[in-house]
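Here are some short exercises to work through with the model open beside you. Try each task before you read its solution.

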Amino acid sequence: MDLPESASRVFCGRILSMVNTDDVNAIILAQKNMLDRFEKTNEMLLNFNNLSSARLQQMSERFLHHTRTLVEMKRDLDSIFRRIRTLKGKLARQHPEHIAPSTQGELLEGHLGG
């Protein structure tokens, strides 16, 4: 039983003697430097994400406000154009002599269709 144990110890000892400690220390130092860089980069990305999230919230609120304004404006314009068509139709019926025949047909169609 001592033979395999001593053989494994000899083998491990030779493998360890092949490893250059300066190279291992250089690798460890490089890994620590990379870890520091990655931590700084991660922190910067977290800050960027937080700022982006806040900006997105602000822009979403503004977008919603502008969308509501546009919908309200469209509703108002539809109402105005409907009133204009109604008034044109009334004028066409009350004073047909002042309106050209082609325009009169369009006005009546627009009034009936709207």
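**Exercise 1. Find which residue caps the N-terminal end of helix 2.**

Step 1: look at Asn20, the residue that caps this end. Step 2: take a side-chain oxygen of Asn20 and the backbone nitrogen of Asp22, which lie 3.1 Å apart. Helices here are DSSP runs of H or I with at least four residues, strands are runs of E with at least two, and both are numbered from the N terminus.

A word on the ground rules: this is a predicted model, in which local features need pLDDT of at least 70 and side-chain atom pairs count only at pLDDT 80 or more, while totals for chains, interfaces and linings use all residues. Residues are numbered from 1 along each chain as its sequence is written, and side-chain values use heavy atoms, leaving out hydrogens and water.

**Exercise 2. Check the span of helix 2 against its number of residues.**

Step 1: the expected span is 1.5 Å times one less than the number of residues. Step 2: for the 74 residues of helix 2 this gives 110 Å. Step 3: the end C-alpha atoms are 106 Å apart, which agrees.

**Exercise 3. Describe the salt bridge that Asp78 forms.**

Step 1: apply the rule, a side-chain nitrogen of Lys or Arg within 4 Å of a carboxyl oxygen of Asp or Glu. The count comes to one. Step 2: the partner of Asp78 is Lys74, with the closest N and O atoms 2.9 Å apart. Step 3: the two residues are separated by about one helical turn, because they are four residues apart in helix 2. Step 4: classify by relative accessible area (buried under 20%, exposed over 50%, partly exposed in between, with a 1.4 Å probe and protein chains only). Lys74 is exposed at 52%, and Asp78 is partly exposed at 34%.

**Exercise 4. Say which residues of helix 2 are buried.**

Step 1: the buried residues of this helix are Ser79, Gly89 and Ala92. Step 2: set them beside Phe81, which is in helix 2 (residues 21-94) and is partly exposed at 45% relative accessibility. Step 3: for the whole chain, buried residues make up 4% of the 114 residues.

**Exercise 5. Find where confidence is lowest and highest in the chain.**

Step 1: pLDDT is the predictor's confidence in each residue, from 0 to 100. Step 2: the chain averages 87, and 83% of the residues score at least 70. Step 3: the lowest mean, 57, belongs to helix 3 (residues 101-113), and the highest, 96, to helix 2.

Terms used:
A polar contact is a pair of N or O atoms within 3.5 Å; within protein, one must be able to donate a hydrogen and the other to accept it, and residues adjacent in sequence count only if both atoms are side-chain atoms.
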